[in-house]
Amino acid sequence: MAGGNERSTKALKEVWKRAENSLCADCGKPDPDWASSTLGVFICLSCSGIHRNIPSISKVKSLKMDYWDDAQVQFLAKHGNAVTKAIYEAYIPIYYYQPTYNVCQVLREQWIRAKYERKEFTEPGKQLPYSDGVKEGILWKRGRDNGQFLPRKFLLSEREGCLKYFTKQDAKEPKINIKIDVINATFQPEKIGNPNGLQITYLKDNKTRNIFVYHESGKEVVDWFNAIRSVQFHYLKVAFPIASDNEIKNRLTRNFLKEGYMEKTGPKQREAFKKRWFTLDHRRLMYFKDPLDAFAKGEVFVGSGENGYGVQKGLPSGTQGNFSWHYGITIVTPDREYLFTCETETDQLDWIRAFTSVIDQAMTPQEYASKCLDAVSFPS
């Protein structure tokens, strides 16, 4: 707290240490050490950078290094995170994705801009670009075979309960018609190679199909994301009328539990281990030759411990397949064992934690119905 008199410094510390100000107002990161002198919120360094890009709305200063005069400290004391949130987050739709500090930049930036710049949540019943139950527009979609991103028309319809895309703007019939209840969407900027990259997945013939899209506008791609969540929410409200809003919210789009490279061997466990990209989407473990493949080369169901599933560190003694990575993992199912190796011990432990988090959960009736996937073996 550079400069400043002793009285204002003490007053600033007292406001700063209030319980309501112990987490970043925008992403929830603990111990924020920046604040907005115009909004009155305490924020983390990362979110302060986003605030700095909207100077007409927010002026940010370091709580440790910058000078705060008496008037600014009094403003912080009068506001703070609780008061400001009550204003700018008063009417957030239940389905709207509120990002945390460990998610990608575009989600956090659009959340901050939606709150303070566009004031989307300050009044009830406000018409929002993702709340109409229908959205139409252009997204750049990666070709399944050639890998090129080309503009494609997408149409999301709550009335029809589906998401469609068309190869041509004037096409009457969609290339694909996806039912809303089998869709997932998750931001993948690093994998797609675009800061606004969005991965849309859906089940087709009980297999996962990936579509990779982006839009030049961060606002537009986040609006698409929340529009999908909105349509899903209203669909599930009808399908499960006695479920609470929070129960339904927890069934909307989800992030993958873990992704990354491992080596794998075939079902005979004598083949050479091959490097593949793996995705753990709750109880579906999928592998791909390339992270941007449209379809997985193989899937396996990961059940619960009480149903005979488990994860073990290391490989069974006498494993014959040649492998170049030496940190092994064995997934045990009622029918067979699946063997993997990781490049580092950190990767190994991270994967084991992810598998354990799934195996420790009791299976739902719907998951029992999906156990047929456990019969799908990993080809080499």
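A residue is called buried when its relative accessible area is under 20%, exposed when over 50%, and partly exposed in between (1.4 Å probe, protein chains only). The model described here is predicted, so that local features need pLDDT of at least 70 and side-chain atom pairs count only at pLDDT 80 or more, while totals for chains, interfaces and linings use all residues. Residues are numbered from 1 along each chain as its sequence is written, and side-chain values use heavy atoms, with hydrogens and water left out.

Let us begin with the chain as a whole. Of its 380 residues, 50% count as buried. Along the principal axes, the C-alpha atoms fill a box of roughly 75 × 55 × 45 Å. The chain has 10 helices and 17 strands; helices (H or I, at least four residues) and strands (E, at least two) are DSSP runs, numbered from the N terminus. Contacts, meaning heavy atoms within 4.5 Å, also link distant parts of the sequence: among those with a separation of 6 or more, 54% join residues 24 or more positions apart.

Three domains divide the chain, namely domain 1 (1-117), domain 2 (134-250) and domain 3 (258-376); these bounds come from an automatic or database domain assignment. The centres of domain 2 and domain 3, taken over C-alpha atoms, are separated by 27 Å. Their contact takes 12 residues from domain 2 and 14 residues from domain 3. Together the two domains bury about 1200 Å², with 51% of it on carbon and sulfur atoms. Buried area here is the accessible area (1.4 Å probe) that two parts lose on being put together, summed over both. On the domain 2 side, K191, N206 and T208 supply 43% of the area buried against domain 3, more than any other three residues.

What holds charged atoms at this interface? The count between domain 2 and domain 3 is 1 salt bridge, where a salt bridge is a side-chain nitrogen of Lys or Arg within 4 Å of a carboxyl oxygen of Asp or Glu. The side chains of K191 and E259 meet in a salt bridge at 2.7 Å, N to O. On the side of domain 2 that touches domain 3, the elements giving two or more residues are α6 (189-192) and β10 (207-214). The largest share, 5 residues, comes from β10.Salt bridges also occur elsewhere, and a search of the whole structure finds 19 of them. Side chains of opposite charge can pair when their charged atoms come close. In one such pair, R118 and E120 have their closest N and O atoms 2.7 Å apart; R118 is partly exposed at 22% relative accessible area, whereas E120 is buried at 5%. A salt bridge also joins E136 and K153, with the closest N and O atoms 3.8 Å apart. Because E136 lies in strand β4 (residues 134-142) and K153 in strand β5 (residues 149-157), this pair ties together parts that are 17 residues apart in sequence. E136 is exposed at 52% relative accessibility, while K153 is buried at 14%. The side chains of D145 and R144 form a further salt bridge (3.5 Å, N to O). Here D145 is exposed, at 68% relative accessibility, and R144 is partly exposed, at 49%. Finally, D26, K85, E89 and K115 are joined into one network by salt bridges that share partners.
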